[in-house]
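Morning, everyone. I have one structure to walk through today, and I'll keep it brisk.

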Amino acid sequence: FNDFNNHYMFIRQSAEGRWLFQNRNTPEVHEPVYFNLEYLLIGKTASFLGMSIEAAFNLWRLLGSLAMLWGFFLLTGIYFSEFWQRAWLLIFFSLGNGFGWLNILISLLSGQKTISLPMDITSETQPFNQMLFTPHSTWAAALNILAMFWFLQGIRTQKSQNFWRAGGAVFLIGLFRPYGLVFFGGLVITWAIIRLLKKQLDKNELLNYCRCLTLPLLALVYNGYIFKFHPVFRWWGLQSFVQTPGLLVLCWSLGLPLLLAVGAIVNRDFRKPVLVEDQIIYLWVGFNFLLIYCYHFFRFANQLSTLLTPPLYLLAGWLLFQRENYSTYRRPLATVISSPRIRVVIFALLLVFASSGSWMLLAKINQIALAGNAYLDKEWLMASRWIEENTPQGGKVIAAYYSANFLPHYTGRTVFAGYNYNTVDFDNKLKMLQKFLSWTDPEYNRKLLRRWQIDYVWEDSYISEGLGASAKRASFLEKVYHNGKVTIYKVL
């Protein structure tokens with residue numbers, strides 16, 4: 001529930017008419033300074049079309065999915081001329097072909113109540129997960145794929161507009177999330193260094209690389225200020241961390257396309273000339289793996305794992321479809337793959353492994369249909385509506401962490417500790433919150449409410465029973481709302 005409510009907090013502000021956003025998950029006073037194109041567009045869509053922010057969010061899921069598929073289909077056109085080959089790769093790419101379905105099958109056959117799910121189902125190596133999880137991830141991946149398409153087109157044609165397009169796509173990524181900036185910028189710089197060391201880099205080529213990095217640099221500077229230096233938003237970068245998966249887990253989740261890609265690389269005769277666009281695909285895979293395992297530099301390095309899937313499918317396609325320059329490969333494996341029966345078997349395996357994607361599709365459709373409300377009951381929603389309609393716009397609420405995470409989304413009000421990633425000094429705030437909710441020291445509670453200028457206290461089932469009786473006796477609290485499950489106190 002954490003991430004979605006954080007997204008909705010910003011989207012709500014856009015729907016309310018803002019163009020720059022505040023962090024309402026923390027009580028520190030600050031001006032609206034955060035710009036995020038994703039949240040802005042979703043919120044403005046909701047406002048313009050008169051729909052809920054949840055419906056607009058799901059609309060942008062769909063648009064992001066289509067953009068991701070379109071980008072990959074364009075990318076396949078650089079390496080494959082036959083439409084049916086590109087269509088097959090598009091189907092396999094969209095479904096994913098990790099080995100996660102084996103985990104599900106083994107768990108079901110053994111009668112286990114809990115299923116251990118690998119990354120191709122729970123994380124970002126599964127394109128279907130990206131498409132249905134959040135526009136925050138899907139659009140960034142789609143734009144990165146489009147950027148690589150235009151970059152490769154620029155390499156082939158040496159037309160400057162392709163490099164500007166690639167840079168523009170990456171600039172837009174930077175207005176969504178910063179990780180794609182690092183991937184594309186690092187890859188282009190690495191490629192330029194390789195060309196320089198091989199004494200193949202001329203002035204015009206260097207100028208083209210500068211063109212595709214100019215706009216992304218602006219976005220990188222802005223993200224650097226927000227997440228490294230801003231007194232409130234820098235905590236988002238300091239406290240956010242997701243452990244990068246082990247190499248075996250990642251490979252298991254990438255599945256059959258990884259095996260075919262390895263086969264394509266191993267079977268290639270590198271003594272013969274390799275096309276420049278092929279070299280970039282090899283660099284894409286290697287550089288991507290390197291970034292994912294830069295533990296100490298990236299706090300969300302696993303989010304780059306989505307970008308591993310396009311080049312792996314391209315490599316797999318080179319092997320399966322005997323690409324036009326297939327003569328550069330050694331023959332033994334090529335002879336085996338050229339057998340129609342072997343190809344049928346491989347395609348059948350790909351479709352079976354794609355069942356992980358089918359399982360993900362059903363799970364995510366159910367999640368989208370619930371729109372997050374599965375976590376809440378009618379009384380909770382009634383109380384949040386009362387807050388929204390009867391308290392000032394800039395009001396602050398203190399509540400148990402679980403409830404506080406939902407409140408900025410549903411009420412538009414600021415909370416004391418709403419999200420472990422971007423609440424300023426969250427660990428310390430959580431300790432203060434726990435002491436407050438225990439109500440062992442009323443004087444401490446009174447001072448805390450005054451210090452942080454809290455306007456309302458939210459009491460529900462996630463707060464211990466002792467708070468209600470103690471709060472009733474507190475001279476600095478007045479009960480203003482009660483519906484059986486939620487009680488709201490005004491701070492006097």
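I'll go from the whole chain to the sheet, then the cysteines, then one spot on the surface.

Keep in mind that this is a predicted model. The protein chain has 24 helices and five strands. How much of the chain is buried? Buried residues make up 57% of the 492 residues. The chain exposes about 21,500 Å². Carbon and sulfur atoms supply 64% of that area. Now the contacts. Take those between residues at least 6 apart in sequence: 72% of them join residues at least 24 apart.

On to the sheet. It is an open sheet of five strands, with mixed pairing. What is the strand order? Reading across, it runs β2-β1-β3-β5-β4. The edge strands are β2, residues 414-415, and β4, and each pairs on one side only. As a reminder, strands of a sheet pair through backbone hydrogen bonds, either parallel or antiparallel.

Let's zoom in on one edge. Strand β4 covers residues 477-482, and strand β5 covers residues 487-491. In which sense do they pair? Antiparallel, over five bridges. Two of the residue pairings are easy to find on screen. Y481 stands opposite I488 in β5. H482 has T487 in β5 as its bridge partner. The two strands form a hairpin, with four residues between them. Look at G484 in that turn: its phi is positive, about 105°.

Next, the cysteines. How many disulfides does a search of the whole structure find? Zero. A disulfide is a covalent bond between the sulfur atoms of two cysteines. Consider C210 and C212. For the sulfur of C210, the closest cysteine sulfur is in C212, 8.2 Å away. The cut-off for a disulfide is 2.5 Å, so that pair is too far apart for a bond. Looking from the other side, the closest cysteine sulfur to that of C212 is in C210, again at 8.2 Å and too far for a bond. What about their exposure? C210 is partly exposed, with a relative accessible area of 41%. C212, in contrast, counts as buried, because its relative accessibility is 0%.

Last stop, the surface. Which residues make the nonpolar patch of about 260 Å²? They are L62, L63 and L66. L63 lies in helix α3, which spans residues 53-76. Is L63 buried or partly exposed? Partly exposed, because its relative accessibility is 34%.

That's the tour. Over to you for discussion.

Key:
Residues are numbered from 1 along each chain as its sequence is written. This is a predicted model: local features need pLDDT of at least 70, side-chain atom pairs count only at pLDDT 80 or more; totals for chains, interfaces and linings use all residues. Side-chain values use heavy atoms; hydrogens and water are left out. Two strands pair if DSSP finds at least two bridges between them. Buried means under 20% relative accessible area, exposed over 50%, partly exposed in between (1.4 Å probe, protein chains only). Patches are made of residues with over 30% relative accessible area and no salt bridge: like charges are joined within 9 Å, nonpolar side chains (Val, Leu, Ile, Met, Phe, Trp, Tyr) within 5 Å. Accessible areas come from the Shrake-Rupley method with a 1.4 Å probe; for residues, only the protein chains shown count as cover. A salt bridge is a side-chain nitrogen of Lys or Arg within 4 Å of a carboxyl oxygen of Asp or Glu. Contact means heavy atoms within 4.5 Å.
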